[in-house]
Structure formats: C-alpha cells, structure tokens
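Welcome, and thanks for taking a look at this one. Please have the sequence and the model open side by side as you read.

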Amino acid sequence: MPAPFILDRSSVTQVMAWVLAALLPGIAVYVWLFGPGILITLSLATVTALAAEAAMLKTRGYPLKPFLSDLSAIVTAWLLALSLPTLAPWWLIVTGTLFAIVVAKHLYGGLGQNIFNPAMVGYAVLIVSFPVQMTQWAGPLELTGTSLTLAQSAMVIFGGDVPRATLDAVTMATPLDALRTGLLQQFTVDEIMTQPIFGRYGGTGFEWLAFSFWIGGLILWSRRIIDWRTPMAFLLGVWLTAGFLHFFDAGRFGPPWFHFFAPSVALCAFFIATDPVSGATTPRGKLVFGFGAGLLTIIIRTWGGFPDGVAFAILLMNLSVPLIDAWTQPRVYGGADRRGKEPPA
Amino acid sequence: MTRELHTFKGGVHPPEHKAESNSRPIHVAPLPRKLVLPLRQHLGNPAKPVVGVGDRVLKGQMIGEANGYISTAVHASSSGIVSAIGPAVVPHISGLPDDCITIETDGRDEWIAHGPLDYQAMEPADLRMKLRDLGLAGLGGAVFPSAVKLDPGASHVCPTLIINGGECEPWITCDDVLMRHHADEIVQGVAIMRHLLGSTEILIGIEDNKPEAIAAMQAAAARMDFAVEVVVVPAIYPGGGAKQMIQTLTGKEVPSGKLSTDIGIQVFNVGTTYALARAVHHGEPLISRLVTVSGHVLRPQNFEVLIGTPMQTLVTLAGDRDGTTGVLMGGPMMGIPMPDLEVPVVKATNCILVKSAELFPAPPKALPCIRCTRCADACPAKLQPQELYRFARAADFGRAQEYHLFDCIECGCCSYVCPSHIPLVDFYRYAKSEIWAREKDKRAADLARERHEFRQFRQEREKKEKAEKLAAKAQAKRAELAVAPAEGTGAQSDADAKKALIAAALARAQAKKAEAAPKNTDNLSPDTQREIEEIEARRAKIRELARKPLESEEKP
C-alpha cells in the first residue's frame, strides 16, 4: 500500500448518516403538523429500498455488507417518502422505491454511478403513471383539526376499509394544488390566497415544514457535508424566477415567497439538489446547477402539466451535469485562467 | 514586523505527532561496520565511481564524481576499505537494487584533508563546481543538486530567497530540531546563498507549531548583518511544499510547467542551508544528516547519521518494539515503504517512520466514488481529483492530461479526506507512468514510421528513376537501330532490333549482378584471405562428403 498511510476518519456511511440525521427535524415537524402517517411511508420505503438494494447487489455479484451499511439506499428511500403524498397507497410507495433503487441506481451501475437522482426518478415515474393517487395529502392539523392515528394511517395506506368521511376530513389539496386549480378557474392569485391553506409566507403548516428542512440544511452545511453553492443558487433561482413573473403579473403568478417557503423547495435545496453523485462537481458548476434547477422548478410549476416541478427540474439538470462540469473547470494552481491570464506573479 | 500572509487553497490537518520526537537532544548515531552508498542519491545522473574495490578511502573522500550538469558527487562517510561496487537494495519505491559503493569501515573515522572555502573571493561558477564536488543536494526530500539551484541563470540575480522550515509532514521533526540547535549555522548558509543568488529579500518560513525553532531562528537572524525575515506561517499540510510556501509568503504562484526562479524566487530547505554552511565554512562534504526515527519505537528521536548507515541500526537505537508492521522513509502522507531495514540512510532520508497496526491501521476497503468533491476542496493544486480519478480508471489518459494531471504534486490530501477511501494518488501515479511509457513508445514508433516512410519514398523514387532511365535507353537504342540501314525486310529488322534490345538488357543484368555481389571479400589482408580459403576448403570437403553417400546409394 503506497502513501498516504493515514486517513481522515470520514466514510460514506458517515456522510449518509448525517444526511439522515439532518432530515430528523423535518420528520418530527411533519408528524407534529400532519399526523404520524409519514412514519409508515418512511418505514415502508426503507424496508423496500433495503430489500431491493440487497437483491440487486446479490444479482450483480457485489458484497452486501459494505454497500448496505453505506446507508445510501435509506437516504433515497427517505427522500422519496418525504416527496410522496402523506397517505399514498402502499403499492405506490413500493413501486416508486423499487424504481428508484433497481432502475435509477443499480441498472446505472450502483452507488456513485447513477446519472439521475434515484429518488426523483422514482417520484417522476409515479407522478406520470399515477397522477390521481399522487394527490392524497393529509392537511395540516391546524386546519383539519384532527389527524389520523398511526393505526388509521396504516389502514389508509394498506388499503383497509376506511370510511370516506374519515378520509375526507383529513385530506386536503396542497397549497400548490390550490393555487394551480384556482388559476385554472380564472381566479387571481390574491383571491386564491385568501383560502385558509395559505399561510403567512407559504402554506399553513407547510411553511413550518420548510423551515425544519432549512435547519437540517444548516446542519449539513455546518458539518461540510454539503457545499453552500448548490442550495443558495437553487433558492436564488426560485426566488428570482418567481419574483420576475410575480412582478410581471401579480394576478397570474404566485409570489416568490410562496414558492420560496414551500417544503418541496427546501427539501430540494438542501437534500436533493445537493446529491453529490448526480450533481455538478465544480464550484461554478454547482452554482449553474442550482440556479438552473431553481429556474426550471418555477417554469415547470407555472406552465407544466404537473403540480410540482422540482423532480423534473432536477432530472433535467442531472442530464446537463457533464456539460456543466466540462464548461466550468476551475483554474488550476499555476495555470492560466479562462481568459488565458497567467497566475498572479 | 508583521508580514501579510497569503493562503493557498485546500490542505488538511492530520494529527501532528511532532512532540514524540522533538524534545530529545540530537543523538549522534555510532559508526556502523558497513556503509552502503548509492551512486544515485539525487535527481539527475548517478555519480560515476572513482574508486575501485579494495581501495582504502578516507572520511570525506569523493568516491563517485558528478556526471553531467544535473548531478552531484558521493563521498565516503567514514574511512575504510571499498568492499564492493555494484547493485544493492536501496530505499526507493520500486524496491529494485541500484549501483552502490560498499565500504567496510575501519573504525578510525580518519578525515581527508579539508578546510574552509573563501567563498567571497571565489568566482561563483567555481564555487558552484566546488559545491557539486562536495555532494550538496536538497535535503527536503527532492534531493535536487544544490549547485544547479544556486545558479541564478541568465538574469544573474534571484530577488527572493525562501528558506523552508515548514516541515508540514506529521511525525517528522528533523528540521525543527536542526533549527533549534543549529540556527546560527543555518543563517550562515543563508549568507552564502544570498551571495550566490544576489537575493535582496530573504524569508524563512516556519510553521507556527515550532515555537522553539522560531525563537532560535529569530535570534540567529538578528545577529546577521543583512535583513532576514523569519515568518511564522500557519501549520497546515502541505504548507511546507515549496509551491505552497511560496504562495503563503508572497502570494505568487509558480506557473504550470515552470520553475520558481522564472518568477524570481528560489527555495531551499533548512537542512540544505545547514549542509551548505558546513561545506563552505568547514569544507565538509555532505556525508551526514539529521534523521527522525519515530512511530512505533520506544524512544522516538533525531539522530545525526552518516549517509550509508543501515536503517536497522537507527531503529535498534530508538528501541524497536513488537508489532511492527513496516517502515516508511519520510512521513505518513508522502513517505515510501522500505523493502527491508538493511537499506541505507541516503541524502533524502529525513525520517524513518516505524509503523504498527494501532498507529497506522490498514485502510478500509474502497467504495465507489460518490463525487462529493472533498478531494477537490482539499487539493492544494486546485485540481478536480474526482475527474482525474475517473479518467485514470477509464485509462483515458488524454483527458487526464487535459485536466492537468501533471500539476498534481502527489501530496496525498485527496486520498486522506476521501470518504470512500479510494487510493486516489495511486491512480494518478499510475496514469502518469502510463503516459510516460506511452510517450516513450510513441517516440520510438514515430521514429520507426519516419524511417519506414522514408524507405518507401526512396524505393519509389529509385523505381521511377530506373524506369525513366530504361525508357530513355530503349529510346536511344531504337533510334540507333532505326538510323543503321536495315538490310533485310522491315519485319526482320524489327526482330533484330528486339533481339538486340534483349541482348543489351541481359548484358546489363549481368553487370548489375556482378555489381550486387558482396564486396566484403575485396581488399582482404593475406591472413584473412588465407582463413577464407581454409574455410572454403573445409566447406568443399563437407560438400564432397555430403555427396558421397548419395553416389554410393545410386550404385549399389
């Protein structure tokens, strides 16, 4: 074994564990605001992901222990679970997770080789294939006044016989859906936003979820697990694009803060766009990647056929990564810069 | 006086482990029975032996002379008898043997006549030749011949002289200890360098984890009659690398593929500076140096060691322990594993680091790269190690070069921080060596192709010339025959003409054949002629013998 003979104490497992840990505040707030249903979704996705990971590793002739213990499959599972509707049926969760792990991850070569963010591939497949089932969101406790118990949530998720009224009492359109539907019905943004689902900045309850993801992001940044560039550029892309549209026609386009304080944007900024494997690697590339994803998110939300644009924006930017990286190579020590200028001397 | 310091990008903070060895006094290692002195201890051409087996040599006597400009001499570290000249195992990463001169010491340690040099009165070129003959080479690790570095070149002056006391590698403390105990001599060496290079700005960079060395050097610098600035720099690996030290102290970068002298800066290690002072003020060649012995030993410390001393001697002196898993020359970040402990201490040996499973656990199995770019954050050369790794793995060496593979200084920061525990530096070394090998092959192939193409061109040309010549001749012949009045009918004269042409062609072919016959047998001496005749006679006899049985078979 040649030099170096000492190693920093970091590991892939440690990196992934920090990501999971940083998601915990978000999950706690989720349970507190929307009921414990998410815990079932998370568990089911985790079990499915680990089983799929193990099966694929075995099929591909890879050792199980190092790759299962790297926790990357669980990160994918959690990110997908947090993106899915709270009360999505079990088969939706399983299908999405299987697609993420089997197709997006392992068929592309496994850990470190996937071009696309596995969780977003899973989400995209589901929203394209099962748009109706992807709407079963629990409303915030603050508005519904009641939430399903763990047992009731399990009943809903696993297709048990739940009275329609019980379900209707706890499910609601998300703020994003409400805005979308309202705009389609020719209401102005101001009129739509008088609905109780809209809170101070984002959606009622939803904005708190977003803040909790921000906290997780700050934890990751303080541990240097993620670079500041991607999230900042993404948030800037969202803010500027939404702000430009809102400034241009406030009646037809939602305000930038509404998008900015959406949980999907926060989750994407700190946990999804920052996925190292499928993201850009150069410092300037991270800025381009983040900004592009933010811009596309708003464009797809505004003019696309689906309620949210994060997944498609990320996948499109994933596609552009080789180009972004090649175009944003930094100047090396002692090398000339892009304009051919010699190093400082 | 405080100086505005600059920072370089990247770097890491591995545990320093300096305290283990830097508090004990310098211990002079005893004279070994046998000294093994490799002829290649420096960069450039190996020295040429100037002694023979059986010769008695004195301490400080030149036993290998510098061979060419980038080379330096090798000296006997003690008196004794030359017992062997030939390949022996040397401390090199390849583990391959190299030419060495082995001396059986006689224990008398008898010096050759030597004395100080009046360097200020000497021509700079003469002084440099003298230093080359005294075997000076950089002791920081690269062992570049110092005489070459002390030549300011065409500009006749190198404005900035940096003395590198960074010593950023963990465990190593030989420079620290040298500065603590020999600060005055180091500064005397600086005076000589200043004289040769005409430098006006002299900076001594020392990392802030060596307060005693800093104090000693500041005191010594204050005693000099010219300005020497001792600059305290933050401890970060690889802050003691020449390029990084230049950047920290001056904010300048050495342009890619160029030397620091191109931007008016020269850098020397403190050990080299000390050796220079010893050489000039005492006439001592480079026959000893300070070596840190640390790691898994009972008494980690620094030794003053004669070059050529087997490493085992030092490890034994420092107290070897059970559970040793190997020995490195150098530090844990850039050191090289030793094939065995019989290898000698050479000019490049700054540290002998004894490994154990606790101090240097085996690295975990490597996982795939997750492109987290921690390596890029740590890289002081501002490279994109994750991309270089990808290209090296895919054997895409062209792209690796496009991404500045050759600006990699192999400091090991990327491997150190990699959460997937990928031995990244290995991949870069592999890619570099592949590129070198391919360039060599390509040069050979290009030469072969050029030769082949020229041969084809020549053959083509000759063929064409021949055809033209033949055509011209045929034309002339025909004209000749046509002019001569034909006696017979037209048809007959035509046939005659053809016959004549054929006859002429045959004659030419004959002449050519005669011409093409080997000419080796022309102009032979009578002796050779006789020899050939004898050989011919023998061959005739053999032919005769070979024919006989056939004849006998024919006539039963």
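What follows is a short tour of two sheets, one helix and the contact between two chains.

## The parallel sheet of chain B

This is a predicted model. In chain B, four strands pair in parallel to make an open sheet, in the order β11-β10-β9-β12. The edge positions belong to β11 (229-233) and β12 (265-269) of chain B; each has a single partner strand, so one side of each is left without a neighbour in the sheet. On average, neighbouring strands here are turned by 25 degrees against each other, direction ignored.

Let's look at one pair. Strand β9 (residues 160-165) of chain B joins β12(B) in the parallel sense over five bridges, and L161(B) sits opposite Q266(B) of β12(B). Helix α7 (residues 270-282) of chain B packs on the sheet, where it touches β9 and β12 of chain B. The direction of α7(B) makes about 80 degrees with that of β12(B). Another helix of chain B, α4 (residues 174-197), lies across β9, β10 (201-207) and β12 and runs at about 165 degrees to β9(B).

## The antiparallel sheet of chain B

Chain B also holds an open sheet of four strands with antiparallel pairing, ordered β2-β8-β7-β4. At its edges stand β2 (34-38) and β4 (56-57) of chain B, each with a single partner strand, so one side of each has no neighbour in the sheet.

The partner of β4(B) is strand β7 (residues 80-89) of chain B, and the two pair in the antiparallel sense over two bridges. Within β7(B), G80(B) is the residue opposite V57(B).

## Where the chains touch

Chain A brings 34 residues to the contact and chain B brings 44. On the side of chain A that touches chain B, helix α1 (residues 12-34) of chain A gives the most, with three residues. By type, that side of chain A divides into 19 nonpolar, eleven polar and four charged residues.

## A closer look at helix α1 of chain A

Does the length of this helix agree with expectation or depart from it? At 1.5 Å a residue, the 23 residues of α1(A) should span 33 Å, and the end C-alpha atoms are 32 Å apart, which agrees. There is a bend of about 30 degrees at L24(A), and a proline, P25(A), follows within four residues. Just after the helix, G35(A) takes a positive phi of about 95 degrees.

The buried residues of α1(A) include V12(A), V15(A), M16(A), V19(A), L23(A) and Y30(A). An α-helix has 3.6 residues a turn, so residues three or four places apart point the same way. Among the elements covering the buried residues of α1(A) are α2 (37-60), α4 (72-83) and α12 (206-222) of chain A.

Key. Residues numbered from 1 in each chain as written. Chains lettered and ligands numbered in written order. Predicted model: local features only at pLDDT ≥ 70, side-chain atom pairs only at ≥ 80, totals over all residues. Pairing = 2+ DSSP bridges. Axes fitted to C-alpha atoms, helices over the stretch in contact; angles between N-to-C directions. Contact = placed C-beta atoms within 7 Å. Nonpolar A, V, L, I, M, F, W, Y, C, P; charged D, E, K, R; others polar. Expected span 1.5 Å × (residues − 1). Bend = angle between axes of the 7 residues up to and from the residue. Buried ≥ 20, exposed ≤ 12 C-beta atoms within 10 Å, placed from the backbone.
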